[in-house]
Amino acid sequence: MIRLHHVPQARSFRILWLLLEMGEQPEVVIHSMLDRSLRSPDYLALSPAGRVPALEIDGRRLFESGAITEYLCETRAPQLGRAPGEVERADWLEWLHFAETIGQHLANLTQQHIVLREDHMRSPTVMRLEAKRLEKTVEVVERGLEGRDFLLPSGFSAVDVQVGYGVMMARRFVRFDAFPSASRWLHHFETRPAFRRALEEDGEAEIYTRDFYEAPNA
């Protein structure tokens, strides 16, 4: 049994998509960020920080996306990972963890634009700085995709899922006119059956309700 605890549009989408790429059909438990279910004692026993994803698998639980991705690749989908000793191992690990750099800037922007509901709580300066920092991470991905279809020369892997989610969400805060390779890469995902199924199973959007969140000028 594989049970994934998931919030629509959140980082747990990466694990949902990855499991479907692997040919697995997890039980998906949908949670909301608008109530206190992620702070319940039962859920905190699965994810001590009260975040998603949380994955119940092989008689245990995992709650960190990077660790979940490595574990799934090692135990069930070696074709989506790069094992120690393989030429692309270091690059695979680099991209796997770079996804969290993207995610941190996304989290800060989400906090400023969405979670903080009162204008006096928000900082236009932070919004502008974080949008620029997020844009810089997309530039890194753009360079990494130059002349290739995926992040690794050998083809699609789990790091395309990890980083792909972050870049997909970055379009909510960053204009992509200067990123043709990243745009083409994201468009390619739309042809993947597992990605389309993940979108169908994602659940009703409750975090990002606008296509784009503009950083105020002042």
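Q: Exposed means over 50% relative accessible area and buried means under 20%; which of the two is E94?
A: In this predicted model, E94 has a relative accessible area of 59%, which is over the 50% cut-off, and therefore E94 is exposed. The residue lies in helix α4.

Q: How far is E94 from F173, C-alpha to C-alpha?
A: Their C-alpha atoms are separated by 24 Å, and the two residues are 79 apart along the chain.

Q: Staying in α4, is R89 buried or exposed?
A: R89, which is also found in helix α4, has a relative accessible area of 17%, and because this is under 20% the residue is buried.

Q: What does R89 touch, sequence neighbours aside?
A: Once the neighbours within four places in sequence are left aside, R89 is in contact with E70, R82, A83 and P84.

Q: E70 is in the contact of α3 with α4, right, so how do those two helices pack?
A: Helix α3 and helix α4, the latter spanning residues 89–115, pack at an angle of about 145 degrees, and their axes are 9 Å apart. On the α3 side the contact is made by S65, G66, T69, E70 and C73, while α4 contributes R89, W92, L93, L96, H97 and E100.

Q: What's the chemical make-up of that contact?
A: The residues that form the contact of α3 with α4 divide into 4 nonpolar, 4 polar and 3 charged.

Q: Tell me about S65, then: where is it, and is it buried or exposed?
A: S65 belongs to helix α3, which covers residues 65–75, and with a relative accessibility of 4% S65 counts as buried.

Q: Which residues surround S65, and which side chain makes a polar contact with it?
A: Apart from neighbours within four places in sequence, S65 is in contact with R11, R14, I15, P53, E100 and Q162. The side chain of R14 is joined to that of S65 by a polar contact of 3.0 Å.

Q: P53 is on that list; what is the peptide bond before it like?
A: The bond that joins V52 and P53 is cis, with omega at about 5 degrees, whereas most peptide bonds are trans. P53 itself lies in the loop between α2 (41–44) and β3.

Q: Which residues other than glycine have a positive phi?
A: Two to look at are Q9, whose phi is near 75 degrees, and D58, whose phi is about 55 degrees. Most residues other than glycine have a negative phi.

Q: And where do those two sit, buried or exposed?
A: Q9 is found in the loop between β1 (2–6) and α1, and with a relative accessible area of 8% Q9 is buried. D58 is found in the loop between β3 and β4, and at 43% relative accessibility D58 counts as partly exposed.

Q: What about G59 in that loop, buried or exposed?
A: G59, in the loop between β3 (54–57) and β4 (60–62), counts as exposed, with a relative accessibility of 86%. Its C-alpha atom is separated by 24 Å from that of Q79, which is 20 residues apart from G59 along the chain.

Q: New topic: how many aromatic pairs are there?
A: The structure holds 13 of them. In one, W95 and F98 have ring centres 5.8 Å apart and planes at 80 degrees, and since planes over 60 degrees apart count as edge-to-face, that is the class of this pair. W95 and F98 are 3 residues apart in helix α4, about one helical turn, and both are buried.

Q: How are F150 and F156 arranged?
A: F150 and F156 also form an edge-to-face pair, with 5.7 Å from centre to centre and 80 degrees between the planes, and both F150 and F156 are buried.

Q: Which rings are linked into a cluster?
A: Ring pairs link F13, W17, Y165, W185, F189 and F195 into a cluster. W185 and F189 are among the buried residues of helix α7 (residues 180–189), which are S181, A182, W185, L186 and F189.

Q: Why do you put those buried α7 residues on the same side?
A: Because they cover an arc of only 135 degrees around the axis, the buried residues lie on the same side of α7.

Q: And what covers them?
A: The covering elements include α1 (12–21), α5 (124–144), α6 (158–170) and α8 (193–201).

How values were computed
Residues numbered from 1 in each chain as written. Predicted model: local features only at pLDDT ≥ 70, side-chain atom pairs only at ≥ 80, totals over all residues. Heavy atoms only, no water. Helix = DSSP H or I, 4+ residues; strand = E, 2+ residues; numbered from the N terminus. Buried < 20%, exposed > 50% of the residue type's maximum accessible area, 1.4 Å probe, protein only. Polar contact = N/O pair within 3.5 Å; in protein donor to acceptor, adjacent residues only side chain to side chain. Contact = heavy atoms within 4.5 Å. Arc of directions from axis to C-beta. Axes fitted to C-alpha atoms, helices over the stretch in contact; angles between N-to-C directions. Nonpolar A, V, L, I, M, F, W, Y, C, P; charged D, E, K, R; others polar. Phe/Tyr/Trp six-rings, centres within 6.5 Å; stacked < 30°, edge-to-face > 60°.
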